[in-house]
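Subject: The structure you asked about

Hi,

Here is the structure I promised to pass on. Have a look at it first, and then read my notes underneath.

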Amino acid sequence: MKHNWFKRLFELEQNETTVKREVMAGLVGFFAIVYIIAVNSLILSEAGIPLEAAILATIAASVAGCFIMGFYANVPILLVPGMGINALFSYTIVQSMGVTWQEALAVVFISGLLFMFIAFTRFAKTLSEAIPQSLKEAITVGLGLFLMLIGLEKGGMVEKGTNSIITLGELGDPQVLATILTFLIAIILFIRNVPGNFLITVVAGTLIAWMFGLINVQAAGEATFSFVDYMNVFGAMSFENIFSLTFWIAVFLITMVIVFENIGLTHGHVNFIHRPEKFARAFQANSISAALSGLFGTSPTVATVETAAGMAAGGRTGLTTVTTGFLFLLSAFFIPVIKLIPDSAIAPILMIIGGLMLENIRHLNLEDMSESFPAFFIIAMIPFTYSIADGIAVGFILYPILKIAIGKAKEVSLALYVIAGLFLFNFVFHVIS
């Protein structure tokens with residue numbers, strides 16, 4: 001009887017799958033993406049959010065995202081706080097732009113509402129067509145380089161010295177040695193496509209760090225967790241500076257990244273399982289989950305690349321996603337252990353994910369300099385300025401200038417002229433002030 005209810009709710013027979021296959025696919029998907037709990041919470045803590053609260057926020061947003069996608073859209077797409085966008089949240093919006101983490105959560109919430117407006121109207125197609133493909137690809141590549149830089153810093157392999165000069169870390173430093181050994185394990189497991197490779201990396205990296213004396217395993221038995229810190233983060237959005245220019249620039253940046261990233265990922269996932277008709281509802285589920293992320297206390301959720309692991313294991317319906325959501329819920333009982341995971345165990349994962357994002361550079365049109373040069377500036381400026389916002393701004397301003405210079409002004413959409421104008425105004429405003 002229970003299986004019949006599942007079959008009707010998730011349309012298992014129509015999709016030629018079974019409860020067992022969907023549950024197993026959900027299990028595979030969970031082990032492929034569970035590393036996000038440790039990685040995302042550590043990045044959120046860089047913004048000032050207490051680590052324990054950041055862990056709970058990550059889990060809560062992942063559970064809600066998976067449930068919304070599973071029950072509303074009925075597709076096996078996993079929604080968890082995204083890599084790249086969490087770096088934008090912590091390092092650019094909070095650290096570089098001076099927005100408090102409470103205000104940054106309000107930015108996430110409003111960006112999610114704008115995302116919902118786009119997802120539930122035809123505006124998604126209009127906005128997607130307004131931004132040149134070369135700039136979209138460049139943003140992904142730039143974020144990849146930025147994640148690699150963050151990974152190298154977290155692992156102690158490079159250090160930011162005086163005047164922001166990047167130098168190599170000391171090879172004899174235990175943290176550096178632990179990071180190098182963990183990276184070798186991580187990259188070998190990854191290129192051999194070992195199931196759950198990132199989870200294995202985190203476990204192995206933690207053991208290596210312990211052997212180098214970087215963590216105290218005995219503390220695991222003494223560690224406890226409570227919801228007190230999280231209650232100070234849940235719903236802690238601050239709209240105090242909602243009328244400031246900085247606030248709305250942050251909203252624009254977050255909205256642009258989550259919309260374009262999710263358009264591409266969601267299209268790819270529904271096409272992989274031959275259910276393109278599910279794009280609209282999956283995209284809408286994505287937007288709802290992104291808005292709720294601000295309420296839960298984390299950077300926005302996105303459709304993950306690791307979704308492919310569950311799909312490859314046979315996942316075809318929302319039951320796969322709901323299963324992963326329940327497993328995320330159970331992971332809350334292991335928070336004391338998660339808190340012990342060191343930077344050296346997380347850094348290699350950031351490097352590998354960043355490297356994967358660099359693959360998009362092959363899509364750039366290198367023969368047309370008016371397309372490639374703005375893209376190159378985005379790619380270079382994001383890591384070099386340590387600001388995703390500034391990197392994107394330079395590319396978006398340069399693109400229409402070069403098109404006008406070669407007599408192709410009509411190729412630039414009105415929307416892009418407006419966006420470039422806003423970025424330019426922001427630069428001028430900061431220079432004057």
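Before the helix labels turn up, you need to know what they stand for: helices are DSSP runs of at least four residues, numbered from the N terminus. Also keep in mind that this is a predicted model.

Let's start on the outside. There is a nonpolar surface patch of about 1000 Å², and its members include Leu171, Leu177, Ile188, Trp210, Phe212 and Leu214. Two helices, α9 (174-191) and α10 (197-211), each supply at least two residues of that patch. Leucine 214 sits in the loop between α10 and α11 (218-222). Its relative accessible area is 36%, so leucine 214 is partly exposed.

Now for the inside, where α14 is a good place to look. This helix covers residues 279-296, 18 in total, and spans 25 Å from its first C-alpha to its last, close to the 26 Å expected. How much of α14 is buried? The count is 13 of the 18 residues, so the rest of the structure largely encloses the helix. Right after α14 comes glycine 297, which has a positive phi, near 105°.

Next, the rings. A search of the whole structure turns up 15 aromatic pairs. One of them joins phenylalanine 115 and phenylalanine 283: the ring centres are 5.1 Å apart and the planes are at 70°, so this pair is edge-to-face. Phenylalanine 115 belongs to helix α6 (residues 101-119) and phenylalanine 283 to α14, so the contact ties together parts that are 168 residues apart in sequence. Both are tucked away: phenylalanine 115 is buried at 0% relative accessible area, and phenylalanine 283 counts as buried at 2%.

Phenylalanine 283 has another partner too. With phenylalanine 279, the ring centres are 5.3 Å apart and the planes are at 15°, so that pair is stacked. Why are these two about one helical turn apart? Because they are four residues apart in helix α14. As a rule, an α-helix has 3.6 residues a turn, so residues three or four places apart point the same way. Phenylalanine 279 is buried as well.

Two more things about rings: Phe10, Phe67, Phe71 and Phe326 form one aromatic cluster, and arginine 281 has its charged end over the ring of tyrosine 72, 3.9 Å from the ring's centre.

Last topic: charges. The count of salt bridges comes to five. In one of them, glutamate 46 meets lysine 154, at 2.9 Å from N to O. This pair links distant parts of the chain, 108 residues apart, with glutamate 46 in the loop between α3 (36-45) and α4 (51-73) and lysine 154 in helix α8 (residues 133-154). Is each partner buried or partly exposed? Glutamate 46 is partly exposed, at 35% relative accessibility, whereas lysine 154 is buried, at 8%.

Another salt bridge joins lysine 403 to glutamate 411, whose closest N and O atoms are 3.2 Å apart. Here lysine 403 is buried, at 0% relative accessibility, while glutamate 411 is partly exposed, at 49%. These two are also part of a network of salt bridges that includes Asp368 and Glu371. Then there is arginine 362 with glutamate 359, at 3.9 Å from N to O. Arginine 362 is exposed, with a relative accessible area of 58%, and glutamate 359 is partly exposed, at 42%.

Cheers

Conventions. Residues are numbered from 1 along each chain as its sequence is written. This is a predicted model: local features need pLDDT of at least 70, side-chain atom pairs count only at pLDDT 80 or more; totals for chains, interfaces and linings use all residues. Side-chain values use heavy atoms; hydrogens and water are left out. Patches are made of residues with over 30% relative accessible area and no salt bridge: like charges are joined within 9 Å, nonpolar side chains (Val, Leu, Ile, Met, Phe, Trp, Tyr) within 5 Å. Accessible areas come from the Shrake-Rupley method with a 1.4 Å probe; for residues, only the protein chains shown count as cover. A salt bridge is a side-chain nitrogen of Lys or Arg within 4 Å of a carboxyl oxygen of Asp or Glu. Buried means under 20% relative accessible area, exposed over 50%, partly exposed in between (1.4 Å probe, protein chains only). The expected span of a helix is 1.5 Å times one less than its number of residues. Rings of Phe, Tyr and Trp (its six-membered ring) pair if their centres lie within 6.5 Å; planes under 30 degrees apart count as stacked, over 60 as edge-to-face and the rest as tilted. A charge sits over a ring if NZ of Lys or CZ of Arg is within 6 Å of the ring centre and within 35 degrees of the ring normal.
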